[in-house]
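Please find below my notes on the model, set out as numbered points. They concern the packing of secondary structure and some details of the backbone.

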Amino acid sequence: MSLPDLVIRGGTLVTASDRFQADLAVTDGKITQIASRIEGGHEEIDASGLLVLPGGVDAHVHLAQEQGDGTVMADDFASGTRSAVAGGNTTVLPFALQRKGQSLREAVRDYHAQAEGQSWCDVSFHMIITDPTPQVLGQELPALVREGYTSFKVFMTYDDMVLNDAELLDVFDVARRENALVMVHAEGHDAIKYMTRKLEEQGKTAPYYHAEAHAQIAEREATHRAISHAQLVDVPIVIVHVSGRDPMEQIQWARARGLQVFAETCPQYVAMTAEDLKGLNMDFEGAKYVCSPPPRDSDSQAAIWQGLRDGTFDIFSSDHCPFYFDGENGTGKDNPRARTSFKWVPNGIPGVETRLPILFSEGVSKGRITLERFVALTSTNPAKLYGMYPQKGALIIGADADITLWDANRRAPVRQVDLHHGADYTPYEGMEITGWPVRTILGGRTVFAAGTFTEAAPTGRYLPRGYSPKQL
Ligand code: URP
Ligand code: ZN
Ligand code: ZN
Ligand code: ZN
């Protein structure tokens, strides 16, 4: 009998439902055997004392995404996926953004051109629909869904991307017909504009006021509106980047009525509060924490932890959206427009590399969630929700050998100098973390180990996806 290409020996395998001691064998990029003892392999890795996890699946990242205001994103596919791999991820899902007036087909084609040959992990694209013309709704979108682009995001705010209610309903209707999954950015545009005007009239223009302008009430209202429209159309939706208690209650309200509403939250909503946007005495340091929805307060943090435990949240994604802090294109004091008002500070923070360590350290190490729940939230459930399971997100025979070895006891602070993203800062600088990835294996080949990239060139592939299940 021929030997497997790789045997990972002596580790503790963790899935969304179980943990157990076993060896794991890989041949031709797939998991071929899981047993208490596997003899010999062309390559052998000693995983004793380590956890053996299905590679992280980050279902919400922004890479090389064109910004309406001309701001340049700090990560392209190469740097963003290197950062992902160093953080224990083997699959990421960024967004092919349709500009207003642009064909969706062209947006997807352009995005492939950016990704081609650049990805250090596997990638698959969601789409962002900003211009739902009859051509897009009638032809392009249905065709693209059938080709494996089975999910797309819509925005209820942002001047250059917002859809009105009629447009939301039309997009939802296509999703229902095509069995696609809609991701909703739920914040009420007019309420935010009203709050922004009021704050500016009072001279409240520092980055901190972004958090007041993007009030949780506006997120709650939009979450309910999205749910109502989805109910009317009879289509499942995902509410992405849920920030706090109020929108969570709307999701629970919907679930109690049997509606299919999935939910995502992110590290910023457990590891930050709006206080962080104050920086040092309301200065521009606060711009390092500006994202939408903004982080809330300790009450919402407690609610989010409860939701991560009790299943209100299905998935935990980074919403990695990296900008530079320094320079006139950055989010900070060198940006002349951002100095005049928080409303010009680009929205988003880097976090693809710190997502897993933060949830592990704050969640598993501190006893708030189980190891199995950690795997469900960060790998298995995102793979299921977006039509990649069991090829991704599973330690089972036949699955892709995408595996992260994890040292649950390694203690070290987050430091910008140790990270691999393109951004010039991390909002988590100095945060003490217990539990870090130590090796990332993609399709049976080690791509990152002990702080070093081990492949000469990117080996990530593009992954067409299937349809979402009705339940996880
Ligand atoms: O502030 C954020 N989250 N920026 C990224 C874009 C989005 O809305 O997800
Ligand atoms: Zn052989
Ligand atoms: Zn969003
Ligand atoms: Zn996002």
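**Notes on packing and backbone**

1. In helix α3, Leu137, Leu141, Pro142 and Val145 meet Asp170, Val174 and Glu178 of helix α4. Contact here requires C-beta atoms, placed from the backbone, within 7 Å. By class, this contact of α3 with α4 has five nonpolar residues, two charged residues and no polar ones. Ala, Val, Leu, Ile, Met, Phe, Trp, Tyr, Cys and Pro count as nonpolar, Asp, Glu, Lys and Arg as charged, and the others, Gly among them, as polar.

2. The model is predicted: local features need pLDDT of at least 70 and side-chain atom pairs count only at pLDDT 80 or more, while totals for chains, interfaces and linings use all residues. Residues are numbered from 1 along each chain as its sequence is written, and chains are lettered from A and ligands numbered from 1 in the order in which they are written. Helices (H or I, at least four residues) and strands (E, at least two) are DSSP runs numbered from the N terminus.

3. How are α3 and α4 oriented, and how far apart are their axes? Helix α3 spans residues 134-146 and helix α4 residues 165-178; they pack at an angle of about 45°, and their axes are 10 Å apart. α3 is therefore oblique to α4. Axes are lines fitted to C-alpha atoms, for helices over the stretch in contact, and angles run from 0 to 180 degrees between N-to-C directions. Angles under 35 degrees are roughly parallel, over 145 roughly antiparallel, 65 to 115 roughly perpendicular, and the rest oblique. The crossing of α3 and α4 is right-handed (the near helix is turned clockwise from the far one by less than a right angle; anticlockwise would be left-handed).

4. Helix α3 also packs with α2, at an angle of about 35° and with the axes 9 Å apart. Leu104, Arg105 and Val108 of α2 make this contact with Val136, Glu140, Leu141 and Leu144 of α3. Its residues divide into five nonpolar, two charged and no polar. Leu141 thus takes part in the contact with α2 and in the contact with α4.

5. An open sheet of seven strands has the order β8-β10-β11-β12-β13-β14-β15, with parallel pairing; two strands pair if DSSP finds at least two bridges between them. Its edge strands, each pairing on one side only, are β8 (95-97) and β15 (315-316). Helix α2 (residues 104-115) packs on this sheet, where it touches β8 and β10 (126-128), and its direction makes about 130° with that of β8.

6. Within the seven-stranded sheet, strand β13 (residues 237-239) is joined by three bridges to strand β14 (residues 261-265), and the two run parallel. Ile239 stands opposite Ala263 in β14. Helix α4 packs on the sheet as well, touching β11 (151-155) and β12 (181-185); its direction makes about 155° with that of β12.

7. A further open sheet has three strands in the order β6-β7-β9, paired in parallel. Here β6 (56-58) and β9 (122-123) are the edge strands, each pairing on one side only. Three bridges join β6 to the parallel strand β7 (residues 89-92), and Gly56 stands opposite Asn89 in β7. Helix α1 (residues 77-86) packs on this sheet, touching β6, β7 and β9, and its direction makes about 140° with that of β7.

8. Strands β2 (residues 19-27) and β3 (residues 30-35) pair in the antiparallel sense over five bridges. Leu24 has Ile34 of β3 as its bridge partner. The two strands form a hairpin with two residues between them, and Asp28 in the turn has a positive phi of about 55°. Asn179, another residue other than glycine with positive phi, has a value near 65° and lies in the loop between α4 and β12.

9. Where are cis peptide bonds found? The bond from Ser292 to Pro293 is cis, with omega near -10°; Pro293 is in the loop between α9 (268-271) and α10 (298-310). Tyr389 and Pro390 are likewise joined by a cis peptide bond, with omega about 5°; Pro390 lies in the loop between α13 (371-385) and β16 (403-413).

10. Overall, the chain has 13 helices and 19 strands. Its C-alpha atoms fill a box of roughly 75 × 50 × 45 Å along the principal axes. The radius of gyration is 21 Å, which agrees with the value near 23 Å for a compact globule of 472 residues (taken over C-alpha atoms; the globule rule is 2.2 Å times the number of residues to the power 0.38).

Definitions and conventions:
Contact = placed C-beta atoms within 7 Å.
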